Amino acid sequence: MPGTATKPASPPRSPLPDFCSLPVISALLVVGALCVTLAWLAPQSTRGLRGYSVGMLFVEWVAMVIGVALCKLRPWLLRLPGLLPYAGVWLVMVLIVTLGSFLAQWMDRMLEMGLVPAGANTFVRDNALIAALLGAAMLRYFYVLAEWQARLAAVAHAKVEALQARIRPHFLFNSMNTVAALVRVDPEAAERTVEDLSELFRAALGQDDTHSGTLGEELKLVDRYLDIEQLRLGERLRVRREIDGLPQQASMPTLLLQPLVENAVRHGVQPLREGGEVILRGVRSGSMMRIEIDNPLAESPTVGGSGHGLNNVRQRVAYHFGPRASIEAGPQGNRFVVRLHLPIEIRHARTDR
């Protein structure tokens, strides 16, 4: 959270499938059976029904061994960084197929069954190549499937988090207290505060399922929020805006920046007796834009700084912009900076406001 020394979020682990689960084991068995069947049905195949049966038995046995081995090795594979778990799974599959092929070739020679061509280790080589290609294809499928499932879960979680984090209860209470205090001494300011609140709640509780607007609309909501806080904190809150170069029609999820600015005020300015300056900075670079929310770093963490608001923003950014966008957050000297790298997607401003 801005103003608190939150530890950076750990990178997500590679979403390896659960090799102990029945669907994954079944997928291995089905792929193995399909490979044997296709090889048997090929026009150049010279194997009869006996060769097909023995081949099916061998492939299914290897598939079961691979499934059991990966089931046991999965906890250790998950400890590897980045995409190395997938490389480890692929290597285990190729090694098991290679060793199994050596064993099958040796048994064929000992029993004089004549199912494996005599001579060089072409049987082992071909099986290893097939395992390498099929293993890479299956791992790609499992990776895409896991990413898709994780994206669906993140979207569902982000929708709930967005509704909870957009307008927080403490902000509502503080704003109502500000309105109550201004009603008698400055009715016009109280009326403006109510109007600002109504616009913020209209954005938070809008019926647009996409929850998407433009950067210009989002900055107007941020200004309304800062106007309310300015009445409450007075000269303790100072705001500097360096965002003139940003495209106002760029697509932006509704109330994406407001929670970050709210965090900057609550955790950076409010705890300091002398207050502080919140800096909104934006730079355009080609098809990308960088937006920064910069606030003072409080000497001690404030109560309630759990990082959920920043995590919510990360999820919404990932859902709206995909892998092209990124968020960096952390202390820099005596300041706390949240930096968003977002692609520029121009859209028309909504007219229903």
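How much area does the chain expose, and what share of it do carbon and sulfur atoms supply? The chain exposes about 19,500 Å², and carbon and sulfur atoms supply 62% of it; accessible areas come from the Shrake-Rupley method with a 1.4 Å probe, and for residues only the protein chains shown count as cover.

This is a predicted model, in which local features need pLDDT of at least 70, side-chain atom pairs count only at pLDDT 80 or more, and totals for chains, interfaces and linings use all residues. Residues are numbered from 1 along each chain as its sequence is written, and side-chain values use heavy atoms, with hydrogens and water left out.

**Whole chain.** Colour by secondary structure to see nine helices and seven strands; helices (H or I, at least four residues) and strands (E, at least two) are DSSP runs numbered from the N terminus. Of the 353 residues, 43% count as buried, that is, under 20% relative accessible area with a 1.4 Å probe and protein chains only.

**Annotated spans.** Select 20-42, 54-71 and 83-107, which an unreviewed UniProt entry lists as "transmembrane region"; such annotations may be inferred rather than shown by experiment. Residues 54-71 are 100% helix and 0% strand, with end C-alpha atoms 26 Å apart. Residues 83-107 are 96% helix and 0% strand, and their end C-alpha atoms lie 37 Å apart.

**Surface patch.** Next show Trp61, Val65, Leu103, Trp106, Met107, Met110 and Leu111, a nonpolar surface patch with about 700 Å² of accessible area together. Patch residues have over 30% relative accessible area and no salt bridge (a side-chain nitrogen of Lys or Arg within 4 Å of a carboxyl oxygen of Asp or Glu); nonpolar side chains (Val, Leu, Ile, Met, Phe, Trp, Tyr) are joined within 5 Å, like charges within 9 Å. Helices α2 (49-77) and α3 (84-111) each give two or more residues, and α3 gives the largest share, five. Trp106 is in α3.

**Cores.** A nonpolar core is a set of buried Ala, Val, Leu, Ile, Met, Phe, Trp, Tyr and Cys residues joined through side-chain atoms within 4.5 Å. The largest has 39 residues; Leu215, Met289, Ile291, Ile293, Val317, Leu340 and Leu342 have the most contacts inside it. Among the elements giving two or more residues are β5 (288-296) and β7 (335-343), while α7 gives the most, eight.

Now centre on Ile291. Beyond neighbours within four places in sequence, its contacts (heavy atoms within 4.5 Å) include Leu215, Leu246, Met252, Arg281, Val338 and Leu342.

Finish at a second, separate core of 24 residues, which includes Leu70, Leu78, Ile96 and Ala131.

Technical notes
Buried means under 20% relative accessible area, exposed over 50%, partly exposed in between (1.4 Å probe, protein chains only).
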